[in-house]
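Colleague: I am new to this structure. Could you take me through a few of its parts?

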Amino acid sequence: MRFLLFFLVFTFSILGLGQQRIIHYTTVDGLPHNITYGIFQDSKGYIWIGTDNGLAKYDGREFKTLNTDDGLRSNYIIDIIEDDKTNQMILASWGGGLQFIKNDKVIHPNIQPNAFEKINNVQLFKKDIIVRHTRRNLLYRKHENNYERIILGVSLDDSLSILEHKHASIDRTNGKFTVVNNSLYFHYGRPIYNEKDYKFEGVYQVGDHGSLTPIFHFLKGRTINSISSLDNNLMVATQNRTIIVFNENEIVQSIELNIQQQEIVSVKRTKSGKLLVLAANIKGFKNAYLYDTETDQIEHLNKTVNTQSTISDVIQDHEGNIWITTYGDGVFCYQISEKQLDYFTKDHLPETMINDILHRNDTTFALTPNYLVKFHKKKVFSKTRLVGFGKSLSILDQKVVVNSVDHKKNVNNRAIIEKEAFFTKTLDSIGKIIYMDSIKMPDIERISPVPDGNIHDAIFYDQNIWIATTTGAYFFDSLNSSFISGTIKGEKLPSSQLKRFLKHGDSLWIATAKGLRLITEKGSSNFDVKTGLIHNDINYITYDHRDNLWIGTQNGVSVLKNNTFINITTETGLRSPYVQVIAESDDNMVWIGGDQGITVFNNNEEVKLSAPPILNIEQKSSAFVYDVVSLNRSKSLVFQYNLDGKQWSTASKSVGILDFGDLSRGKHTISFRAKKQDGLWTEEKVFSFIKRLPWNKDWRILSLISGAFVLVITSVAHKQVQKAKKRSQELKAIIDSKEILESELSNVRENVARDFHDDLGNRLARISIFSNLLTEGESRINDDDKELIDQISSDADYLFKGTKDFIFSLKSESDYLEEVVTYLSDFGEEYFRQFSIDFVVEKSIVTNVKLPYYWSKQLIFIFKEAMTNAVKHANADLVKLGFTYDKNMLTICCSDNGIGFDASNVRLNHGIDNMRQRASKIDGVLTINSKEDSGTAIIFTGKTTPNM
């Protein structure tokens, strides 16, 4: 019995975790110090926290810290409020006095006399500021941009009145000033420093001239610790452990809390109507409580967040989160979920992967890969091991059937009915049963052919049996007893991967891997992430008893209600991001199964949209700085804008800058909105701006400027035309003269080449021939003379061949690249033939470009030398000569497959040096690439047009 009781307590404690989420912030998370004091949420949604090491600002994503390095006079920030009129944060600091923050910059107020006070409370009353200094009240009276520091005291005679002192000689009192609804009140205030201190009774309103008038007669005779506003009509006061709710005329409710040996310090009302209570014992240790006035239940928040530290402050933000600051344990954010969620996880289930859920009377069946789990009224009743691998659940002949695969042989399980199938579905309208592994229909004798791809669902719609597969939709052809690929009413679906069908009246929902399709008699509609769906890849769809559509996806659940999506994710309490099945029980509990177990949603109450975040927009001409602030959903925010009333566009980030500087000229309007994925949209913020083109793009300004230029240019141009005509005539004469000179030069080159060839060339050839004749046959020439004649013949032959190259370069035709290619190719073929070396010419030349003067001669000399070296030194059997010309860049490469050499270790010889000098003369570069046993390549590169 004791074990059963323990089990039930443990189970319900686990199930209760779905109602809340506690986030603990410390220095590890960016908080500047774990000793924290006052906490405040400003009008832009940011949370401000005073600590022992500066001021922390939290935007839902990260903490930003301001301290003495940023200009604060003290790092001990005790209290924080906001001046709505100036958008300044007002700080009470210990040892630094009063300080301001605006646009995250520190501002020091001009206070006379200026003193770095030790203040721990700050209030704004009209233009003045009231602070608490230990037990002393200070007033900073504003005079234009300055503040006058005044010490406030109260006379103790029968006619109470405020005494203002500019010096610190006043007697201290326990009286406290409190600003409520733009009125200033005076009352007794904790802590008690001395039992002999005077205890004021009742509440007094401070008049314009410092008078104190008793108010709220029903509080007369009570020592009031605190007073604050609940709403526009009700106020709340505290006395010891009693909460007094009242209006101007009477006490509405008096509540005494069961908090022994404590006095209530402050009371605030939450959005749900509960009361946030801060109480302190005689030693000053503070506890926070959440009190439900309807049920009279009180929650000890120290225990809820599990802290042993004293509480410094407690507030509720605009999203309903309760924030608790502590003295030494950092900050807690207590997120109370409005959704009633229960969980079944690995603590309750044999496996957390849920393949199917089915409700039958008071029993819920959950199928995992290897078990069938039965629940009775949300309690685990039994866990039965399967024979095969569980795929789905069905009801056949009024019985629950497990569809499974991979059955083990000779194994019986009489506890459950287990069927060899992926999925079994009864189409009641035609009385057929389809086994989704092979589409067996008992009314048809033979098995129907199975389309390619996995089968997920079947439905009878539009007088046909349709099946959903990973390759599209198929309908049953009764004539051929087969399934044929087709389109449902000719509709093109978002994806060929179909997951589910769902009929609703005359409409058909089709879930795909890329969104949801609705087909009706009037037409069709698509739903995807652009329209608010949480994720496009859909696994399951079903209707609840409220006629809301529940959609299970790969990343959460979407509920379509009144054409609006309400999204439930792991951030809002869902256990599994991957959702496989959704099923509602007879008691309106929605069971959501996925890869991390089961989430049970209490659907007896309407699914509600969560409160919107705060949207901050700052306009800078045509650019907009935006920040969507949410303190519990910073990772699931949606920010959209609508330019000129066209369509809403979603930004990729919830904070950033949108710049519309590239828009066309004219007036533009833009709207902004934001929400959480499961929440309401913020109220739209609309801005307008005029896009003016810069003067250099405005056609009207350009027209005026152009007209002025035309007038000036026309007058100048007329004079220039006259000069140009004269100059043109002179240039024409020069050009004609140049053409004549070029023609004459070409004739001279041709004549010189021809005369040189006919005269000197022929004579050198005759010397060579005659020398050969002298040495041939029987001759009386002795050996010494013969050797001399051979040398004469060799020199004459060398001069003749060199003369040939020189003569070629003199000809005007040698200036063209193709002529140089032909000349070197002819030389190579004739030269290498006598050594039995293969010679290959490769060229990639689009146009026959004219080379600069003097190039042909140098190129011929370079590559004749390169080919000669290949014979003398390379020991090669293949030589390649390549020509490439592209974009004024000429490249010539002579390569061989010879023995090569280590170019880095070989000193330049006379031949290589000459080749490089020749390349340099025509502004080219000669590169030699060679490695031992890898051949040699000599490469020339040069630009045929001069650099400008």
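**Two sheets and a helix**

Modeller: In strand E51, serine 558 stands opposite asparagine 567 in E52. This is a predicted model, in which local features need pLDDT of at least 70, side-chain atom pairs count only at pLDDT 80 or more, and totals for chains, interfaces and linings use all residues. Residues are numbered from 1 along each chain as its sequence is written, and side-chain values use heavy atoms, with hydrogens and water left out.

Colleague: Over how many bridges do E51 and E52 pair?

Modeller: Strands are DSSP runs of E, at least two residues long, numbered from the N terminus, while helices are runs of H or I of at least four. Two strands pair if DSSP finds at least two bridges between them. E51 covers residues 556–561, and its antiparallel pairing with E52 runs over 5 bridges.

Colleague: Which strands stand at the edges of the sheet that holds E51 and E52?

Modeller: The open sheet has 4 strands in the order E49-E50-E51-E52, with antiparallel pairing. Each edge strand has a single partner strand, so one side of it is left without a neighbour in the sheet; these are E49 (538–543) and E52 (564–568).

Colleague: Is asparagine 567 buried or exposed?

Modeller: Buried means under 20% relative accessible area, exposed over 50%, and partly exposed in between, with a 1.4 Å probe and protein chains only. Asparagine 567 has 3% relative accessibility, so it counts as buried.

Colleague: Which side chain does the side chain of asparagine 567 meet in a polar contact?

Modeller: A polar contact is a pair of N or O atoms within 3.5 Å; within protein, one must be able to donate a hydrogen and the other to accept it, and residues adjacent in sequence count only if both atoms are side-chain atoms. The side chain of asparagine 567 reaches the backbone oxygen of glycine 532 at 3.0 Å. Its side-chain partner, at 2.5 Å, is serine 558.

Colleague: What is the bridge partner of aspartate 79 in E7?

Modeller: Another open sheet has 4 strands in the order E6-E7-E8-E9, with antiparallel pairing. E6 and E7 (residues 88–93) pair in the antiparallel sense over 6 bridges. In E7, the partner of aspartate 79 is alanine 92.

Colleague: How far apart are the end C-alpha atoms of helix H5?

Modeller: The expected span of a helix is 1.5 Å times one less than its number of residues. H5 (residues 817–833) has 17 residues, so it should span 24 Å; the distance between its end C-alpha atoms agrees, at 24 Å.
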